[in-house]
Amino acid sequence: MNPDAGGSSSAPPPPSASQGAGAEEEERGGKQVVVVLVGPPGCGKSTFAEAVVTGSTAGRPWVRVCQDTIGNGKAGTKIQCLKAASDALKEGKSVLIDRCNLEREQRADFVKLGGTLHVDVHAIALDLPAKVCISRAVSRKGHEGNLQGGKAALVVNRMLQKKETPLLTEGFSRIMSCNDDGDIKKAVDLYNALGPSDSLPSGMFGQKSKGPVQVGIMKFLKKGDTSSGPKITLSESKQGQQNPLPKHEKVEAGITCRMEVEKGLDDKKENEEHAKESHSDNVGSRTLAFPSISTADFQFDLDRASDIIVDTAADFLQKFDNVRLVLVDLSEKSRILSLVKQKTSKKRIDSSRFVTFVGDITQLHTKGGLQCSVIANAANWRLKPGGGGVNAAIFNAAGESLQHATKKCADALRPGTSVVVPLPSVSPLHQREGVTHVIHVLGPNMNPMRPDYLKNDYTKGSKILHEAYNSLFENFASIVQSNMGKQSGTEMSASGGTSPKDTKMKREDSHGSERMKKHKLLPPTMTAKQQHECTKANAPNYHEKSTVSSAAPNQAREGDGKKSGVVASKTWGSWAQALYELAMHPDKYKNTDSILETSDEFVVLKDLYPKAKKHVLVISRTDGLDSLADVKKEHLPLLRRMHSAGLKWAQKFLEEDASLVFRLGYHSVPSMRQLHLHIISQDFNSTSLKNKKHWNSFTTPFFRDSVDVIEEIEQHGSATSSSDEKVLAMELRCHRCRSAHPNIPKLKSHISTCKSSFPSHLQQKNRLISLSTTMHMDCT
């Protein structure tokens, strides 16, 4: 782990009395604290939380919020955890969040909750060795979440591969790392002694200067007992190869690249040798060259930006071996390069794997002798050429083929996200420089003359810039893994190898990926598979990390999920914000043919990956109305108007094809932020309907009919929802005759000819919309 300002390897100082606490806080027992526990299964989160709750000696009331038991003693949802935490804080109690929280976006909801209620938010990172966590998780009995035995080892392995170290820039006021049982005991004692009026110093505590890299079970089983653990390797090195870089590319910390300091050498000869060695060593295919994001035209503070570059790069390089990052700037006197070099040297980052380079990012090979297959572009939100700087230079160097390839992948970009564009082989940049991929990245804007000006809000800006670099580096890793998969004939795991179980898990996780393919307006991080599909489709693939559905519960990602989203604001993850961004700013997308209708209250949008012949969404434009869980009685007029809009479009489609039958409804727990109503024809004749979870998310109680939702809210003030993952894993049954089928192709073959009547409950209350029902409604 990397130390931060104020970091220490010793135990933190004792609590001190809060200064200047308001009278209201004193009346209810001082300022509360939200403690977010961070760690994989088996690290001791529940034991820690129980020890604090039951062992507090100073009078501060604590509540443990555990996702494994939040649903009346059974596993629940992240939404339930947030509500329980909010209720406890409003009652004057402090809260321990007992869930894995390994990824930044999983923690973001709880950080936001603390900010909303004006309480401190701490992170306790239980960084025990992977082998300890695996051993504990496998051997435990009667676990609350039933995660034990052999399956626990696989889950721990998969979750550790996605771990993101908590940082103060996420919004935590204090982060404490526990590296062994002794550290955990000190932390428990610290919080047990925290009185109602006490507070703890801000900063980072307990971090080791160069902690062990957490390895997955596959490496653990292969290597056996290791004291520090090997890094995750994106590719196997050649025999005898100790470093992925040619010798003459190694740069001492704090010294600029060879291109900058040895201008008197024979550049042509050196570049030829450099390129030859780089090619033979295959380093270029594992090298990302990137400019500093948001520090030029968007005027982001250079010192803050350099901190974020170094933090995110260090975290990425700690996770992946045999890759190289190159920060590029045109100027020899570049302030950002100077700052980054100083800070990387201070953090002792391997200078052969993170290089600063003075030169033109579009001529790194021909002018600098540096082979980089992947380069990043500091793009504008429209993903268009122009604007000067790096963006204009890259589009000019790549030619029109980059514009066409970009358009196939995305129409626009949201701050904090990136999109991969495979560069066509006809591009001059591909032919001359060997660049195979361009990753467009959009960071935060601090320039009042540019769109999305943040008004010098560096808390928000720093968060967005962190997200932008993380998205960039994740996309780069996906490209490297994809290239390796091509070379070896199989898709490789992050640890550099494959196993039947790994392959099975990937196949299972991929079932959820289609669910994120809502539309192409705001692309997020793309997976390796998506990058190659990018040139075949007109929209990016929104890859859900959850194992649930198109509207699958985003919180499933926490337990064992794959790439997914969350619940509010950024808390939903970059991809999950897409519908929200469109609903809030439809004017930005008025030129797209995906939007069918816009009003002050909703937007009607084509689902670009429809699960039937006709499939559209009516998206609410009310801020804060993220899902059915947020809907109250005062929203009934809006829901009725959304229902009416859905009926109108169903009738329009029926005029085109009278054989269609429609249902209007909501997914119980959506994975995309912003309440949206599905209008979907019941033929389910679509190539985008590919797996069991697609099917069950529209044909089981997970899908709530709009008329039932409206009636339930009228009577009870809110709507219930089924977030049971088992519903989505049910066997495949025809939605008409209820016959069972072994797989999707056979099910589709059956439903194309099935003439059975729909179930009786669907034929009531106008749950089914057909030509006959619309005629009846017109008459009445």
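**Sheets and helix packing in the predicted model**

Helix α12 (residues 335-346) lies across strands β12 and β13, and its direction makes about 155° with that of β13. The description given here is of a predicted model. Helix α11 (residues 302-319) lies across β12 and β13 as well as β10 (287-291), and runs at about 160° to β12.

The strands covered by these two helices belong to an open sheet of 6 strands with mixed pairing, in the order β13-β12-β10-β14-β16-β15. The edges of this sheet are formed by β13 (354-358) and β15 (417-422); each has a single partner strand, so one side of each is left without a neighbour in the sheet. On average, neighbouring strands are turned by 25° against each other, direction ignored. Strand β12 (residues 324-329) and the edge strand β13 run parallel and are joined by 5 bridges. Within this pair, V355 of β13 stands opposite V326.

Another open sheet of 6 strands has parallel pairing and the order β3-β4-β2-β5-β6-β8. Its edge strands, β3 (62-66) and β8 (203-205), each pair on one side only. From one strand to the next, the twist averages 15°. The edge strand β3 runs parallel to β4 (residues 94-98), with 5 bridges joining the two. In this pairing, D98 of β4 is the residue opposite C66. Helix α7 (residues 181-192) packs on this sheet, where it touches β2 (33-38), β3, β5 (120-126) and β6 (174-178). The direction of α7 makes about 140° with that of β6.

Packing between helices was examined for α3 and α4. Two packed helices are described by the angle between their axes and the distance between the axes. For helix α3 (residues 78-90) and helix α4 (residues 104-116), the axes come within 10 Å and cross at roughly 25°. At this angle α3 is roughly parallel to α4, since angles under 35 degrees count as roughly parallel. The crossing of α3 past α4 is right-handed. On the α3 side, the contact involves K78, C81, L82, A85, S86 and L89, which meet E105, Q106, D109, F110 and L113 of α4. By residue class, this contact of α3 with α4 comprises 6 nonpolar, 2 polar and 3 charged residues.

Key:
Residues numbered from 1 in each chain as written. Predicted model: local features only at pLDDT ≥ 70, side-chain atom pairs only at ≥ 80, totals over all residues. Heavy atoms only, no water. Axes fitted to C-alpha atoms, helices over the stretch in contact; angles between N-to-C directions. Helix = DSSP H or I, 4+ residues; strand = E, 2+ residues; numbered from the N terminus. Parallel < 35°, antiparallel > 145°, perpendicular 65-115°, else oblique. Left-handed = near helix turned anticlockwise from the far one by under 90°. Contact = heavy atoms within 4.5 Å. Nonpolar A, V, L, I, M, F, W, Y, C, P; charged D, E, K, R; others polar. Pairing = 2+ DSSP bridges.
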